[in-house]
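The following exercises are to be worked with the sequence and the coordinates at hand. Each task is followed by a solution in steps.

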Amino acid sequence: MESTERGGDGAPRGPVLHIVVGFHHKKGCQVEFSYPPLIPGDGHDSHTLPEEWKYLPFLALPDGAHNYQEDSVFFHLPPRDGNGDTVYGISCYRQIEAKALKVRQADITRETVQKSVCVLSKLPLYGLLQAKLQLITHAYFEEKDFSQISILKELYEHMNSSLGGTSLEGSQVYLGLSPRDLVLHFRHKVLILFKLILLEKKVRHKGVEGRIGSFLYFSSE
């Protein structure tokens with residue numbers, strides 16, 4: 001099993017680090033499943049989070065998500081183990097009527113059940129990963145049984161096998177990214193974003209990397 005998840009050097013063989021499912025209908029924002037486990041040695045159903053990623057469940061399913069039948073959200077996480085590499089997150093969340101579930105646990109008392117399916121990646125392949133994740137999230141919900149996690153493990157394997165090497169050299173890397181929409185949406189703030197990109201190393205060095213993400217979030221509102 002280890003050889004299918006990791007390369008010979010122990011590192012993930014592709015850009016995808018983890019597939020994560022979050023949000024418990026009674027306990028709120030928490031990780032319910034991760035593959036591979038977020039903490040080595042833990043089980044796939046462990047709720048324990050690395051200290052650096054303690055806000056992951058809240059980023060993957062933001063406040064107000066219950067007002068939407070389905071949507072996607074993008075975010076980033078700080079590096080772990082001091083390697084200095086940002087981790088990029090793409091989350092697709094949906095909700096389903098509890099009465100539609102084939103397997104309904106006894107503690108499900110609400111009329112709807114909401115889950116987020118999240119991909120954590122070493123590369124900011126937002127549009128490309130979102131396109132794949134939306135299809136799998138839809139299929140996962142169509143199972144109407146959230147204990148059926150094999151499809152999520154297959155997603156991890158498929159993404160890492162299909163997004164390695166020369167497959168990332170084509171135009172599909174920019175799927176969903178439109179320079180025209182960027183300019184129309186942010187207008188004069190595009191220049192500020194460009195300056196932030198140029199200052200990325202200095203921003204990281206001063207430990208305020210998250211401020212760029214915050215600026216993007218609030219500027220888009």
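A residue is called buried under 20% relative accessible area, exposed over 50%, and partly exposed in between, with a 1.4 Å probe and protein chains only. The model is predicted: local features need pLDDT of at least 70, side-chain atom pairs count only at pLDDT 80 or more, and totals for chains, interfaces and linings use all residues. Residues are numbered from 1 along each chain as its sequence is written, and side-chain values use heavy atoms, with hydrogens and water left out.

**Exercise 1. Describe the overall make-up of the chain.**

Step 1. Helices (H or I, at least four residues) and strands (E, at least two) are DSSP runs, numbered from the N terminus. The chain has 8 helices and 5 strands, and their order from the N terminus is α-β-β-α-β-β-β-α-α-α-α-α-α.

Step 2. Of the 221 residues, 38% are buried. The exposed surface of the chain is about 13,100 Å², of which carbon and sulfur atoms supply 55% (Shrake-Rupley method, 1.4 Å probe; for residues, only the protein chains shown count as cover).

Step 3. A contact means heavy atoms within 4.5 Å. Among contacts with a separation of 6 or more, 60% are between residues 24 or more positions apart.

**Exercise 2. Classify Lys-144 and Arg-187 by backbone angle and accessibility.**

Step 1. Lys-144 has a phi near 55°, a positive value in a residue other than glycine. Its place is the loop between helix H3 (126-142) and helix H4 (150-162).

Step 2. Lys-144 counts as partly exposed because its relative accessibility is 22%.

Step 3. For Arg-187, phi is near 50°, again positive in a residue other than glycine. Arg-187 lies in the loop between helix H5 (179-186) and helix H6 (189-198), and at 61% relative accessibility Arg-187 is exposed.

**Exercise 3. Locate the cis peptide bond at Pro-36.**

Step 1. The bond from Tyr-35 to Pro-36 is cis, with omega near -15°.

Step 2. Pro-36 is found in the loop between strand E2 (28-35) and helix H2 (56-60).

**Exercise 4. Which residue forms a salt bridge with Glu-32, and where do the two partners lie?**

Step 1. A salt bridge is a side-chain nitrogen of Lys or Arg within 4 Å of a carboxyl oxygen of Asp or Glu. The structure holds 6 of them.

Step 2. The partner of Glu-32 is Lys-115, with the closest N and O atoms 2.4 Å apart. Glu-32 is in strand E2 and Lys-115 in strand E5 (residues 112-121), so that the pair, 83 residues apart, links distant parts of the chain.

Step 3. Lys-115 is buried, because its relative accessibility is 5%.

Step 4. Another of the salt bridges joins Lys-144 and Glu-142 at 3.8 Å between the closest N and O atoms. Glu-142 is partly exposed at 42%.

**Exercise 5. Test the length of H4 and list its buried residues.**

Step 1. The expected span is 1.5 Å times one less than the number of residues. For the 13 residues of H4 this gives 18 Å, and the end C-alpha atoms are 18 Å apart, which agrees.

Step 2. The buried residues in H4 are Ile-151, Leu-152, Leu-155, Tyr-156, Glu-157, Met-159 and Asn-160.
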